[in-house]
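Trainee: I should like to learn how to read a structure that is new to me. Please show it, and then let us take its features in turn.

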Amino acid sequence: MDADLETPARNLPESNPTLGSCWEVLLRTPVERAIPAGTLHCSIGPQDTLRLGDIAEALASSALTAIAVSDGTGNVIGMITTDDIMRAYFEGVPRQEYLRSWLASDRARAPSELLERLQVSPTSSLAEVAEKMVANAIAGDCACHHIIVRQPDGQLYSVISCHDLVHFLCHGLERKRPETAEAVGKICVQTVMKPRDTVFTCPKTDTLKDALKVLLITQQTSVLVVDGWGIHCFFTTQDAVRAFAAGVSADVGLAEWFGGQGTSMENMTIASDASLVDAESLMNDRRCDHLAVIHPASEEVVGVLSSLEVLRRTRACTEALQCVPSMSHPTVGEVLMQHHGEHTHLANPLRDTVTLGAISELLGMSSRTSVMIASRDVEDPEPRLLTERDIMRAYLDGHTSATIVNDILTTIQPRAPCPLQVPPSMALRDAASLMLRATVPGCECNHLVVRGTSGRYSGVFSALDVARSLHDASSELDLAKMGVERTTVEMVMKPATTMHRCTPVDSIGDALSILNRTGQSAVLVEDCGGILGIITPRCALQALAEGIPPSATVGVFMPSQDALLQRTVLLGSHLVDAAALMSAKSLHHVIVEDHQCVSPNTRFGVGSRAVVVGVLSALDVVRGVVWCYRPPKRLCEVHAVHLADAWMPMAIRNLAKRVLPSWFGA
């Protein structure tokens, strides 16, 4: 299985008596005894003009990572965290965006409707706070590093962060339970760190937006910036907040940004055999929440210490957080239900009574490319999948609209592979990958039969459903999680130079025979003036439904100029824009034009027209979803496992800084 398709790790940490005693302390300690009241918060009223830029500036200047939000009466209505600022920054939301508008959007990490999962009372135990944080981190759909402490009357008491809890464990116990504090002091960093295979990296040549993408899709709060010299620094959510507050473009390079900040790994490391108390003191002094953990002998970076990971490991039964990117893909069952409702597949006609003409009309009106054909034969009760390619073969074999489907199933289906069956719970990207693996030269796989564990058929999932899912993505982050936010039509289309062609005076039978022989899904129609359109297996449905014989010319099927323009996209278009067109008009193929090249318009009168440079099919969209995703690299996958400065003696390092200043952020 591909690395980016691996199931997130759900390993359980080994039992540790000392960590268990920490958990006992958290169970016994109420919030009000450990965390003082009061925190940075803001209030918004009906006419409030507070903006995201104001929040980012407050977070950056205070070094806090969250601000509670209350209404005019003091009731808590939400929370803004560094994760909110980071997502707004990634998606290009302006600093002038109103805070109220952000909280009301579906992108907020702690809106009012999620407060039940994000709040406790002052009498709740610290263990309940830790459990909520870890549970929210595993769910991945809301803020997880902060919990709101709310009075019974709805008023704010405080906001607790992961670091607050770790600080209490390391220092708050000294005057309360000396014996437990002594035990905590014996916990070494290696016991509670994130190992290197769960630590993600970014090349120093990346932009701020690239780093933001890694943080968002991996649900981490830090990423290591590396290059050929080694590990240079952390990029954290706090860095993102500072850059957003300063109005820095997300397209600025990491090297340029950190060069201006003077950031390095100095005093941001801890030995793996150091105590947790020492590590927390260093975090507190450096006002950070992450430390690179190095081997005391080799100085090789072996992991990263974060507050949330410490909390997770205080309880042995807590499952591990995800160590692979969260892909946020819907399941095939969800896609079918969303786009087809209860009619996830066409009503099963009986194959011993329905005709090819009726099936062709049914598919034509529904914009579907396949239908399940039911059977009354007790010896062969399984329904059959009939696709438009099957109908095209029947048409080429001389069958007419009056032909009973049952009479042709035994002759046309042996030439097609048996349709693959998948469960409704399969993730969209896994289904897309399966389509590509099942596609071989001369035979495309455009359909998967969806069947539940009970044996009930849920419907047919097609390549066009993948395009519909891209169109459904509501934000740039959703597209980034699917890996297609930068994918263009040009990257996945079929170039016109590689496609088969026919002329308007050729017969439709000859054109469809090319498709049948080559296994392709489209043939370009061309005359002396250029490309006029395409012939696809769907033309066979039209021919059968309208009684057009195979000897009819291809010109009969050529669209008008307006119809042709409605299925055209530009060469530089984003794949998601093409998917939107395909989804809106139920098109399985669109024509790709390059407006920078023109040719005489001989068909539609005087003037010129853009040159057709390719065709994009629904299966090409599938390729884009599968092929164009590049998972972030983990620390264990890169060669840079030492701190950058650790590779060179001081004299060589100073010389390199003068000769190659950009490498060192100078």
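Mentor: The following turns go from the whole chain to a strand and then to a pair of helices. This is a predicted model, in which local features need pLDDT of at least 70, side-chain atom pairs count only at pLDDT 80 or more, and totals for chains, interfaces and linings use all residues. Residues are numbered from 1 along each chain as its sequence is written, and side-chain values use heavy atoms, with hydrogens and water left out.

Trainee: How many helices and strands does the chain have?

Mentor: Helices (H or I, at least four residues) and strands (E, at least two) are DSSP runs, numbered from the N terminus. The chain has 28 helices and 25 strands.

Trainee: What percentage of the residues of the chain count as buried?

Mentor: Buried means under 20% relative accessible area, exposed over 50%, and partly exposed in between, with a 1.4 Å probe and protein chains only. Of the 666 residues, 56% count as buried.

Trainee: Which residues of strand 5 are buried on each side?

Mentor: Strand 5 spans residues 146-150, and five of its five residues are buried. H146, I148 and R150 lie on one side, while I147 and V149 lie on the other.

Trainee: In which sense, parallel or antiparallel, does strand 5 pair with strand 4?

Mentor: Two strands pair if DSSP finds at least two bridges between them. Strand 4 (residues 119-120) joins strand 5 in the parallel sense over two bridges, and Q119 stands opposite I148. Between these strands the chain passes through helix 6 (residues 126-139) in a right-handed β-α-β crossover; right-handed means that, with the strands pointing away from the viewer, the path from the first strand over the helix to the second runs clockwise.

Trainee: How many bridges join strand 5 to strand 6?

Mentor: Five bridges do so, and the two strands run antiparallel. R150 of strand 5 stands opposite L156 in strand 6. Their hairpin has five residues between the strands, and G154 there takes a positive phi near 90°.

Trainee: At what angle do the axes of helix 19 and helix 27 cross?

Mentor: Two packed helices are described by the angle between their axes and the distance between the axes. Axes are lines fitted to C-alpha atoms, for helices over the stretch in contact, and angles run from 0 to 180 degrees between N-to-C directions. Helix 19 (residues 428-438) and helix 27 (residues 618-627) have axes that cross at roughly 115° and come within 9 Å. Residues in contact (heavy atoms within 4.5 Å) include L428 and M435 of helix 19 and L619 and W627 of helix 27.
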